[in-house]
Amino acid sequence: MKKILIADDNRQIRLLVNVALRNGGYEIIEAEDGEDTLEKAVAQRPDLILLDVTMPKLDGFEVLRFLRKRPETTDCHVVMLTTAAQRRDVERARQEGAEDYITKPFEAHELREAVERLLS
Ligand SMILES: [Mg+2]
């Protein structure tokens, strides 16, 4: 079973992502700040991380940079969760190793498709 880490400090967003991926046959784990995300990513080795940009402790870009440096997580798929205002940051995220991005608010099907594309 593929493992997905939902990293977002907003509980409501984590819930929406859970609903979108329900029935996908994924194991879902959650993190609520940047440090929590790094710890869980290294310890639990998810196949894919949905990574919020704006989070307490470490932001999504800082997390991404650490993930790419650590051997345990360097190959993990990363999809950034951004707001429309952060769209110009996406190019930077791609340069640092994110493979895709989802703009909040998102439709359940677009999230599902982005995940399926990377995990199939
Ligand atoms: Mg946030």
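Start by selecting β3, helix α3 (residues 60-69) and β4: together they form a right-handed β-α-β unit. Right-handed here means that, with the strands pointing away from you, the path from the first strand over the helix to the second runs clockwise. Helices (H or I, at least four residues) and strands (E, at least two) are DSSP runs, numbered from the N terminus.

Before you go on, keep in mind that this is a predicted model, in which local features need pLDDT of at least 70 and side-chain atom pairs count only at pLDDT 80 or more, while totals for chains, interfaces and linings use all residues. Residue numbers start from 1 along each chain as its sequence is written.

**Stop 1: strand β3**

Select residues 48-52. Is this strand covered? What you'll find is that five of its five residues are buried, where buried takes 20 or more other C-beta atoms within 10 Å of the residue's own, exposed takes 12 or fewer, and partly exposed is in between, with C-beta atoms placed from the backbone. Show the side chains: Leu 48, Leu 50 and Asp 52 point one way, while Ile 49 and Leu 51 point the other way. That fits the general pattern, as side chains in a regular strand alternate between the two faces of the sheet.Now bring in the strands on either side. Strand β1 (residues 3-7) pairs with β3 in the parallel sense over four bridges, and Ala 7 has Leu 51 as its bridge partner in β3. Strand β4 (residues 77-83) also runs parallel to β3, joined to it by five bridges; look for Ile 49 and its partner Val 78 in β4. Two strands count as paired if DSSP finds at least two bridges between them.

**Stop 2: the whole sheet**

Widen the selection to the five strands. They form an open sheet in the order β2-β1-β3-β4-β5, with parallel pairing. At the edges stand β2 (27-31) and β5, each with a single partner strand, so one side of each has no neighbour in the sheet. Neighbouring strands are turned by 20° against each other on average, direction ignored. Angles run from 0 to 180 degrees between N-to-C directions, and axes are lines fitted to C-alpha atoms, for helices over the stretch in contact.

Slide over to the β5 edge. β4 and β5 pair in the parallel sense over five bridges, and Thr 83 stands opposite Lys 104 in β5. Put α3 back on screen: this helix packs on the sheet, touching β3 and β4, and its direction makes about 150° with that of β3. Contact between two residues means that their C-beta atoms, placed from the backbone, lie within 7 Å.

**Stop 3: α2 against α3**

Add helix α2 (residues 34-44). It packs with α3 at an angle of about 20°, with the axes 10 Å apart. The two helices are therefore roughly parallel to each other; the scheme is under 35 degrees for roughly parallel, over 145 for roughly antiparallel, 65 to 115 for roughly perpendicular, and oblique for the rest. Their crossing is right-handed, meaning that the near helix is turned clockwise from the far one by less than a right angle, whereas anticlockwise would make it left-handed. To see the contact, select Gly 34, Thr 37, Leu 38 and Ala 41 in α2, which meet Glu 62, Val 63, Phe 66 and Leu 67 in α3.

Stay in α2 and pick Val 42. Which residues does Val 42 touch, leaving out those up to four places away in sequence? They are Arg 70, Glu 72 and Thr 73. Val 42 is partly exposed, with 15 other C-beta atoms within 10 Å. Draw a C-alpha to C-alpha distance from Val 42 to Thr 74 as well: you should get 9.9 Å, for a pair 32 residues apart in sequence.

**Stop 4: loops with unusual backbone**

Just past α2, go to Arg 45, in the loop between α2 and β3. Its phi is near 50°, a positive value in a residue other than glycine. Arg 45 is partly exposed, with 13 other C-beta atoms within 10 Å.

Next, follow the loop between β3 and α3 to Lys 57. This residue is not a glycine either, yet has a positive phi of about 75°. With 14 C-beta neighbours inside 10 Å, Lys 57 counts as partly exposed.

Then jump to Pro 105, in the loop between β5 (100-104) and α5 (108-119). Check the peptide bond from Lys 104 to Pro 105: this one is cis, with omega near 0°.

**Last stop: α1 across α5**

Finish with helix α1 (residues 11-21) and α5, whose axes come within 9 Å and cross at roughly 70°. They are therefore roughly perpendicular to each other, and α1 passes α5 in a right-handed crossing. For the contact, select Val 17, Val 19, Ala 20 and Leu 21 of α1 together with Ala 108, Leu 111, Arg 112 and Val 115 of α5.
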